[in-house]
Each structure stands twice: as structure tokens, then as C-alpha cells.
Amino acid sequence: MMTGSYCDCLICRLEASLIAELSDDRSNEEFRLFAVSSPILSSFPTVFELIRTLHDHDNHEQNPSSDELLLDLLRRSTHTLFRPMGQRLLLLVFIPTVHRTTSQITGTFPSLTRDDTAQHLFAVLLEFLHSKELRSRQSHLGFTIARKIRRSAFRWAIRDSRRSLRN
């Protein structure tokens, strides 16, 4: 994780891949173009400053709120030109949530593999990021997304565990 330990699971490998991809000069320029037309995002010199701000739960006095940042990211990620950068940023923002939820699910449901659980969570995340339900919200976006991921994951895990017990 950007601020935590690296465990070599599918999620941590995806994070490392995204970080490496976003660290090159071409991606830095792409982020600059992505952010320059947004008064909120233009204050962030790099992708990683933006991600750190969204992961920082303690210091919001001098920064825009996470809701403002997430709303801007969601709006910009629907624009065809900005979609790839927007999706990579949103994935990086929610990787800690996916990682934590995957660990909880596989700890509670040992018959489920970590990779299958992670894949399910990423699918839920990507689907929800493009949903009308999320687009209609204006506040508590991070909480709403995390709750949706967790609820969906536990429902899926219960169904899948019951199915494997029947077989």
C-alpha cells in the first residue's frame, strides 16, 4: 500500500503497477493536462499528492474536502479524453478499502480465495463508480463507495460460500 506494507497480493501488485505507470514523465504530463482545467485538482502538483490528500483523514483544513475532490474526479472520469487517468486515480484512491475488505472477507470465509475476492471487489468498485446512484450523491462519497464495496462483497461471499457447501 502507498502508506502501508506490501504483501504481494493481487491488490498490492496492481497498486505497484499503477504507481509505476503514473510515475513516468508521460503520465505526469497527462496528469497535468487532466488537472489543469480543474480549479480543485490544479492545486496538486502530482498524482501522488492528490492520492495522499484523499488518504489523509486528519488534515483537511488547508485542502479541499474529499467529497469535492472525488466529485471532480468522478465527473472528469466520464469524459472520454480523461477516462483512463480518472479510472487509475480512483483505483489508487480505493485500493486500501479493497485490500482491507478482501482481508476481512477471506478471513471470515476461508473457502474463498483472495484473488477471486479481490477481482469481485474491483468489479463492484468499477461498476459503482459509473452508476447513477453514485452520480446523484453530493456528499459522503468515500463512505458511500466503501460501504457499497463492503456490502456487495459480504453478500457475494455468503452466496458463494453457501454454493460451495451444497457441492
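How are H5 and H8 oriented to each other, roughly parallel or roughly perpendicular? This is a predicted model, and the pair makes a good place to start looking at it.

**The H5 and H8 pair**

The axes of H5 and H8 come within 10 Å and cross at roughly 25°. Angles under 35 degrees count as roughly parallel, and H5 and H8 are therefore roughly parallel to each other. The crossing in which H5 passes H8 is right-handed. On the H5 side, the contact is made by Phe-94, Thr-97, Val-98, Thr-101, Gln-104, Ile-105 and Thr-108. H8 brings Gly-142, Ile-145, Ala-146, Ile-149, Arg-150, Ala-153, Phe-154 and Ala-157 to the contact. Sorted by class, the contact of H5 with H8 holds nine nonpolar, five polar and one charged residues.

**Phe-109, in the loop after H5**

Follow the chain on from H5 (83-108) and you meet Phe-109, in the loop that leads to H6 (114-129). Is Phe-109 buried or exposed? With a relative accessibility of 15%, Phe-109 counts as buried. Leaving out residues up to four places away in sequence, Phe-109 touches Phe-154, Ala-157, Ile-158 and Ser-161. Two of these names, Phe-154 and Ala-157, also appear on the H8 side of the contact with H5. As for Ser-161, 52 residues separate it from Phe-109 in sequence, yet their C-alpha atoms are 7.1 Å apart in space.

**H6 and its neighbours**

Next along the chain comes H6, with 16 residues. From its first C-alpha to its last, H6 reaches 22 Å, close to the 22 Å expected at 1.5 Å a residue. Which residues of H6 are buried? They are Thr-117, Ala-118, His-120, Leu-121, Phe-122, Val-124, Leu-125, Phe-128 and Leu-129. These buried residues pack against H1, helix H4 (66-78), H5, H7 and H8, so H5 and H8 come back into the picture here.

**Two positive phi angles**

Most residues other than glycine have a negative phi. Here are two residues to look at with that in mind:

| Residue | Phi | Place |
|---|---|---|
| Asp-8 | about 65° | segment before helix H1 (10-22) |
| His-140 | about 55° | loop between helix H7 (132-135) and helix H8 (141-166) |

Asp-8 has its positive phi although it is not a glycine, and the same wording holds for His-140. Asp-8 is partly exposed, with a relative accessible area of 45%. His-140, for its part, lies in the loop that leads into H8, the helix that H5 passes in a right-handed crossing.

Key:
Residues are numbered from 1 along each chain as its sequence is written. This is a predicted model: local features need pLDDT of at least 70, side-chain atom pairs count only at pLDDT 80 or more; totals for chains, interfaces and linings use all residues. Side-chain values use heavy atoms; hydrogens and water are left out. Helices (H or I, at least four residues) and strands (E, at least two) are DSSP runs, numbered from the N terminus. Buried means under 20% relative accessible area, exposed over 50%, partly exposed in between (1.4 Å probe, protein chains only). Contact means heavy atoms within 4.5 Å. Axes are lines fitted to C-alpha atoms, for helices over the stretch in contact, and angles run from 0 to 180 degrees between N-to-C directions. Angles under 35 degrees count as roughly parallel, over 145 as roughly antiparallel, 65 to 115 as roughly perpendicular and the rest as oblique. A crossing is left-handed if the near helix is turned anticlockwise from the far one by less than a right angle, and right-handed if clockwise. Ala, Val, Leu, Ile, Met, Phe, Trp, Tyr, Cys and Pro count as nonpolar, Asp, Glu, Lys and Arg as charged, and the others, Gly among them, as polar. The expected span of a helix is 1.5 Å times one less than its number of residues.
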